[in-house]
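Student: Could we go through this one together before I set anything up? I'd like a plain tour, and I'll jump around a bit.

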Amino acid sequence: MLDGLLDPLSRCLDAESARRLVELRVAPPVQERIDALAERANEGLLTDDERAEYEALRRADGRCEYCLPRQEHSELTHHVEHIVAKQHGGPDDVNNLALACHRCNLCKRPNLTGIDTLTGGVVPLFHPRRDQWKDHFVLQDSRIEGTTAAGRVTVHVLAMNDTRRVELRAELLLSSEPL
Ligand SMILES: [Zn+2]
């Protein structure tokens with residue numbers, strides 16, 4: 001299975017991404033993690049970081065906040081990621097957290113911006129806490145197209161229309177599964 005995942009991610013996959021991919025393979029799926037955190041919450045044992053993670057997981061309702069597929073439609077575990085990476089000073093606060101599928105997570109890494117091919121300008125990536133998805137993206141057949149500069153650079157940096165991702169989206173649309 002890993003080979004099938006590596007091909008479409010080759011543009012994003014360096015040594016650090018490969019390490020994270022292995023981590024994603026061993027992580028429990030979203031619902032299991034929510035259940036585990038709920039148990040700790042009931043026992044009053046949540047740390048601050050776990051509380052933020054718990055809130056972020058429940059807020060996203062199992063859906064990648066960048067390219068939209070739900071956990072149950074992804075081969076690997078969705079992860080709570082820092083929108084502004086910790087290495088850039090991003091806090092552990094829930095307002096800096098988003099749920100991302102393994103593909104978006106591995107491609108985004110600490111990136112905060114991209115270069116808009118239309119203007120050549122450096123543009124901030126889509127920010128799931130500040131921005132509304134439908135204001136920046138549109139689904140055209142099984143491709144996600146950016147309708148703003150932020151949308152365009154995010155589609156590019158996160159490789160949202162790599163072949164395998166478009167194929168998976170098409171399969172979901174054909175089976176009438178909500179993305
Ligand atoms: Zn995604």
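**Contacts, core and loops**

Tutor: Let me begin with one residue, Ala-149, which, once residues up to four places away in sequence are set aside, touches Asp-116, Thr-119, Gly-121 and Val-123. Please keep in mind throughout that this is a predicted model.

Student: OK, and which helix is Ala-149 in?

Tutor: Ala-149 is found in helix α7. Its C-alpha atom is 8.8 Å from that of Thr-117, although Ala-149 and Thr-117 are 32 residues apart in sequence.

Student: How many other C-beta atoms sit within 10 Å of Ala-149, and what does that make it?

Tutor: There are 19 other C-beta atoms within 10 Å, so Ala-149 is classed as partly exposed, given that 20 or more would be needed for a residue to be called buried.

Student: And the rest of α7, which residues there are buried?

Tutor: The buried residues in α7 are Ala-150, Gly-151, Arg-152, Val-153, Thr-154, Val-155 and Val-157. Because seven of the nine residues of α7 are buried, this helix is largely enclosed by the rest of the structure.

Student: What do they pack against?

Tutor: The buried residues of α7 pack against a mixture of helices and strands, namely α5, β3 (113-115), β4 (122-124), α6 (133-136), β5 (137-140) and β6 (143-146). Following α7 comes Ala-159, which has a positive phi near 50°.

Student: Zooming out, how many helices and strands are there?

Tutor: The chain has eight helices and six strands, and reading from the N terminus their order is α-α-α-α-β-β-α-β-β-α-β-β-α-α. Of the 179 residues in the chain, 31% are buried. If you take the contacts with a separation of 6 or more, 63% of them are between residues 24 or more positions apart.

Student: Which residues touch the most other members of the largest nonpolar core?

Tutor: That core has 31 residues, and those touching the most other members are Cys-67, Leu-99, Cys-104 and Leu-158. Two or more residues each come from α4 (48-60), β2, α5 (102-108) and α7 (149-157), and at least three are drawn from each of domain 1 (2-46) and domain 2 (71-174). As a general background, nonpolar side chains in soluble globular proteins tend to be buried together.

Student: Take Cys-67, then. What is it in contact with?

Tutor: Beyond its neighbours within four places in sequence, Cys-67 is in contact with Cys-101, Cys-104, Ile-144, Leu-158, Met-160 and Arg-165.

Student: Is Ala-98 buried or exposed?

Tutor: Ala-98, which lies in strand β2 (residues 97-100), counts as buried because it has 24 C-beta neighbours inside 10 Å. Leaving out residues up to four places away in sequence, Ala-98 touches Ala-56, Glu-65, Glu-81, Ile-83, Pro-128 and Arg-129. The C-alpha atoms of Ala-98 and Glu-53 are separated by 9.0 Å, with their positions 45 residues apart along the chain.

Student: Switching topic: at what angle do α3 and α4 pack?

Tutor: Helix α3 (residues 30-42) and α4 pack at an angle of about 135°, and their axes are 10 Å apart. The two helices are therefore oblique to each other, since only an angle over 145 would count as roughly antiparallel. Their crossing is left-handed.

Student: Which residues meet there?

Tutor: From α3 the residues are Val-30, Arg-33, Ile-34, Leu-37, Arg-40 and Ala-41, and they meet Glu-50, Glu-53, Tyr-54, Leu-57 and Arg-58 of α4.

Student: Now the loops. Where is Asp-61, and what is its phi near?

Tutor: Asp-61 is in the loop between α4 and β1, and its phi is near 55°, a positive value in a residue other than glycine. With 11 C-beta neighbours inside 10 Å, Asp-61 counts as exposed.

Student: What about Asp-141, where is that?

Tutor: Asp-141 is in the loop between β5 and β6. Its phi is positive too, near 55°, and Asp-141 counts as exposed, with 9 C-beta neighbours inside 10 Å.

Student: Last one: Asp-93, buried or exposed?

Tutor: Asp-93 is exposed, because 12 other C-beta atoms lie within 10 Å and 12 or fewer is the cut-off for that class. Its place is in the loop between β1 (79-82) and β2, and the C-alpha atoms of Asp-93 and Arg-51, which are 42 residues apart along the chain, are separated by 9.6 Å.

Note on methods. Residues are numbered from 1 along each chain as its sequence is written. This is a predicted model: local features need pLDDT of at least 70, side-chain atom pairs count only at pLDDT 80 or more; totals for chains, interfaces and linings use all residues. Helices (H or I, at least four residues) and strands (E, at least two) are DSSP runs, numbered from the N terminus. Two residues are in contact if their C-beta atoms, placed from the backbone, lie within 7 Å. A nonpolar core is a set of buried Ala, Val, Leu, Ile, Met, Phe, Trp, Tyr and Cys residues joined through C-beta atoms within 7 Å. Domain bounds come from an automatic or database domain assignment. Axes are lines fitted to C-alpha atoms, for helices over the stretch in contact, and angles run from 0 to 180 degrees between N-to-C directions. Angles under 35 degrees count as roughly parallel, over 145 as roughly antiparallel, 65 to 115 as roughly perpendicular and the rest as oblique. A crossing is left-handed if the near helix is turned anticlockwise from the far one by less than a right angle, and right-handed if clockwise.
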